[in-house]
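Ready for some practice in reading a protein model? Work through the exercises below with the structure open beside you, and try each task before you look at its solution.

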Amino acid sequence: MSAVDGGARRARQVLVFDADDTLWENNVIFERVIEEFLTWLDHPELGRDGVRALLDEIEAANAAVHGYGSKVFLRSLGECVRRVRRREADEGELARIAGWARAFEADEVG
């Protein structure tokens, strides 16, 4: 043991991940939808960071039960609307979420 490391051995850490091309491309769409969602929801008390934290929590719970993908993600958006608004999403809100679903199919977020 050397004086440089203070006499303690440090465990070596290795990060391994699978960089699937479709994952990278789809992540851009997810992030664009999230940005639009946060702007659209515009919650005065929670703000963008609070809504994003809530959405992340909902997504993690849904992914554990339902897996990953755009359908589960869109389900998470609907649940986030319900929890933030403290009511079920109305027809207009559901239509907006459905629009994002079409954006995933066509890769057109806007």
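**Exercise 1. Find Arg-86 and describe its backbone and its surroundings.**

Step 1: Arg-86 sits in the loop that links α3 to α4 (91–106). The helix names come from DSSP: helices are H or I runs of at least four residues, strands are E runs of at least two, and both are numbered from the N terminus.

Step 2: Look at the backbone. Arg-86 isn't a glycine, yet its phi is positive, at about 60°.

Step 3: Now the surface. Arg-86 has 77% relative accessibility, so it counts as exposed. Here buried means under 20% relative accessible area, exposed means over 50%, and partly exposed is in between (1.4 Å probe, protein chains only).

Before you go on, a word on the model: it is predicted, so local features need pLDDT of at least 70, side-chain atom pairs count only at pLDDT 80 or more, and totals for chains, interfaces and linings use all residues. Residues are numbered from 1 along each chain as its sequence is written, and side-chain values use heavy atoms, with hydrogens and water left out.

**Exercise 2. Do the same for Asp-42.**

Step 1: Asp-42 belongs to the loop between α1 (21–41) and α2.

Step 2: Its phi is near 40°, a positive value in a residue other than glycine.

Step 3: With 59% relative accessibility, Asp-42 is classed as exposed.

**Exercise 3. Sketch the overall fold of the protein chain.**

Step 1: Count the elements: the protein chain has four helices and zero strands. Along the sequence that gives the pattern α-α-α-α.

Step 2: Check the burial. Of the 110 residues in the protein chain, 28% are buried.

Step 3: Check the contacts, meaning heavy atoms within 4.5 Å. Among contacts in the protein chain with a separation of 6 or more, 52% are between residues 24 or more positions apart.

Step 4: Add the surface. The protein chain has an accessible surface of about 8,000 Å², and 51% of it belongs to carbon and sulfur atoms. Such areas come from the Shrake-Rupley method with a 1.4 Å probe; for residues, only the protein chains shown count as cover.

**Exercise 4. Work out how α2 and α3 pack.**

Step 1: Get the geometry. Helix α2 (residues 47–66) and helix α3 (residues 70–85) pack at an angle of about 130°, and their axes are 9 Å apart. Axes are lines fitted to C-alpha atoms, for helices over the stretch in contact, and angles run from 0 to 180 degrees between N-to-C directions.

Step 2: Name the arrangement. That angle makes α2 and α3 oblique to each other. The cut-offs are under 35 degrees for roughly parallel, over 145 for roughly antiparallel, 65 to 115 for roughly perpendicular, and oblique for the rest.

Step 3: List who meets whom. The α2 side includes Val-51, Leu-54, Leu-55 and Ile-58, and the α3 side includes Phe-73, Leu-77 and Cys-80. The residues of this contact of α2 with α3 divide into ten nonpolar, three polar and five charged. (Ala, Val, Leu, Ile, Met, Phe, Trp, Tyr, Cys and Pro count as nonpolar, Asp, Glu, Lys and Arg as charged, and the others, Gly among them, as polar.)

**Exercise 5. Is Cys-80 buried or exposed, and what does it touch?**

Step 1: Find Cys-80 in helix α3. Its relative accessible area is 0%, so Cys-80 is buried.

Step 2: Leaving out residues up to four places away in sequence, Cys-80 touches Phe-37, Val-51, Leu-54, Leu-55 and Ile-58.

Step 3: Pick Leu-54 as a partner: the two C-alpha atoms are 7.0 Å apart, while Cys-80 and Leu-54 are 26 residues apart along the chain.

**Exercise 6. Which residues does Leu-38 touch?**

Step 1: Leu-38 is part of helix α1, and at 6% relative accessibility it counts as buried.

Step 2: Not counting residues up to four places away in sequence, Leu-38 touches Arg-48, Val-51 and Arg-52.
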